Structure formats: C-alpha cells, structure tokens
Amino acid sequence: MNLGWRHGLVGLAVLLLLLAAVGGGPQVGTDSEPPDRATLTFVDETGTELGTVDATIAAGFFERYTGLSETDRLGPDAGMVFVYPEAGERTFVMRNMSFPIDMIFVGADGEITAVHHAAPEDDREFSGQARWVIEVNRGYTDAHEIDVGDSVRGLPR
C-alpha cells in the first residue's frame with residue numbers, strides 16, 4: 001500500500017500552518033490593531049514624562065526576525081518593542097525597511113543604554129546591551145529629547 005500521498009498531505013498541512021504563523025506582517029499604528037500591544041512611556045531621571053508610544057510586541061523568534069520590515073509606515077506615536085528573555089548584546093539591521101527609524105536599546109533595569117538613528121539604505125549593524133529594543137519613527141527621540149540614561153515604563157515581560 002502506497003502512503004506517499006498521506007505524507008504529502010501532512011507536509012502540506014504543516015507548511016500552511018507555518019505560513020499562517022509567519023505571514024502578514026504587522027500593520028503598526030493603523031486601524032487594524034494587532035492583539036499584542038504595550039503602551040511605553042519614556043521618562044527622564046527626574047521622572048518627567050518625555051513621550052508615550054503605542055507599540056506592537058515582538059516576542060517570538062519570527063516576530064523579532066521580521067520586525068518592521070513588512071510594514072510600510074508607522075503612526076506618529078507608534079512603534080515596535082522587541083522582547084528578549086534576558087539582557088544581552090543585541091544587533092539590529094535595516095533589512096527590507098522602507099522608512100527611517102530610531103532604535104532604542106533598553107537594559108534589564110528599564111534604562112536606555114543606546115539610541116541609534118537609521119535610514120532604509122543603511123547597511124550598518126546597530127548594537128547595544130538590551131533586554132528590549134524599541135523602534136520608532138526617525139526623529140522621535142530627538143523631538144522628545146529621549147537619550148541614554150532615560151528610562152522606559154510599561155515594558156512587557
């Protein structure tokens with residue numbers, strides 16, 4: 001008895017499940033709200049609020065790998081927060097990006113350790129110590145005077 005067609009159907013089913021899990025990148029800051037979001041508030045050393053971002057959470061491997069690369073644009077106070085189980089050296093690139101961003105690296109204590117500004121055609125690697133990395137529109141950190149040493153509230157665990 002030939003069971004090859006059954007193995008083919010199982011393989012097709014697995015492939016379709018993987019495509020459903022990976023496909024359809026986030027529409028960040030648009031009308032269709034992804035289910036996993038966090039409101040992040042940036043504060044300076046005195047506790048003064050500097051700005052608030054509505055961020056899509058990227059906690060799984062595929063979400064972190066894809067990031068904003070399948071997103072056309074961000075809303076003015078929107079972003080994405082990449083969540084890692086523990087702090088460590090993180091490196092980001094501008095793979096398939098269509099707009100410029102600021103990358104904010106945040107340590108395990110919620111303090112900002114690095115801020116990078118990147119354009120879509122930038123082929124550099126951007127690194128820093130972080131448990132979380134937040135991506136926002138380019139210029140957001142300058143406009144809100146967010147810098148190394150400030151802190152972030154509302155980070156997802």
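A pocket is an open set of points on a 1 Å grid over the protein atoms alone, with protein on both sides within 12 Å along at least five of seven lines; a lining residue has an atom within 4 Å of a point. The second largest pocket here is lined by 14 residues, of which Arg-64, Tyr-65, Phe-92, Val-93 and Arg-95 lie nearest its centre. Two elements each give two or more residues to that lining: α2 (61–66) and β3 (78–92). The largest share, four residues, comes from β3. The space in this pocket is about 210 Å³. That volume is the space filled by probe spheres set on the points, with grid points joined across faces, edges and corners.

The lining is mixed in class: seven nonpolar, four polar and three charged residues. Asp, Glu, Lys and Arg count as charged; Ala, Val, Leu, Ile, Met, Phe, Trp, Tyr, Cys and Pro count as nonpolar; the others, Gly among them, count as polar.

This is a predicted model, in which local features need pLDDT of at least 70, side-chain atom pairs count only at pLDDT 80 or more, and totals for chains, interfaces and linings use all residues. Residues are numbered from 1 along each chain as its sequence is written, and side-chain values use heavy atoms, leaving out hydrogens and water.

The pLDDT is the predictor's confidence in each residue, from 0 to 100. The protein chain averages 84, and 78% of the residues score at least 70. Over residues 12–35 the pLDDT is below 50; this stretch has 26 contacts in the model beyond near neighbours in sequence. A contact means heavy atoms within 4.5 Å.

Now the fold. The protein chain has three helices and seven strands. These are DSSP runs numbered from the N terminus: helices are H or I, at least four residues, and strands are E, at least two. Their order from the N terminus is α-β-β-α-β-β-β-β-α-β. Of the 157 residues, 43% are buried. Buried means under 20% relative accessible area, exposed over 50%, and partly exposed in between, with a 1.4 Å probe and protein chains only.

Which residues have a positive phi without being a glycine? Asn-96 is one, and Glu-145 is another. Most residues other than glycine have a negative phi.

| Residue | Phi | Loop between | Relative accessibility |
|---|---|---|---|
| Asn-96 | about 55 degrees | β3 and β4 (101–106) | 59%, exposed |
| Glu-145 | about 55 degrees | α3 (140–143) and β7 (151–153) | 64%, exposed |

Notes. 1 Å grid on protein atoms, 1.4 Å probe; cavity = no way out; pocket = protein on both sides within 12 Å on 5 of 7 lines; lining within 4 Å.
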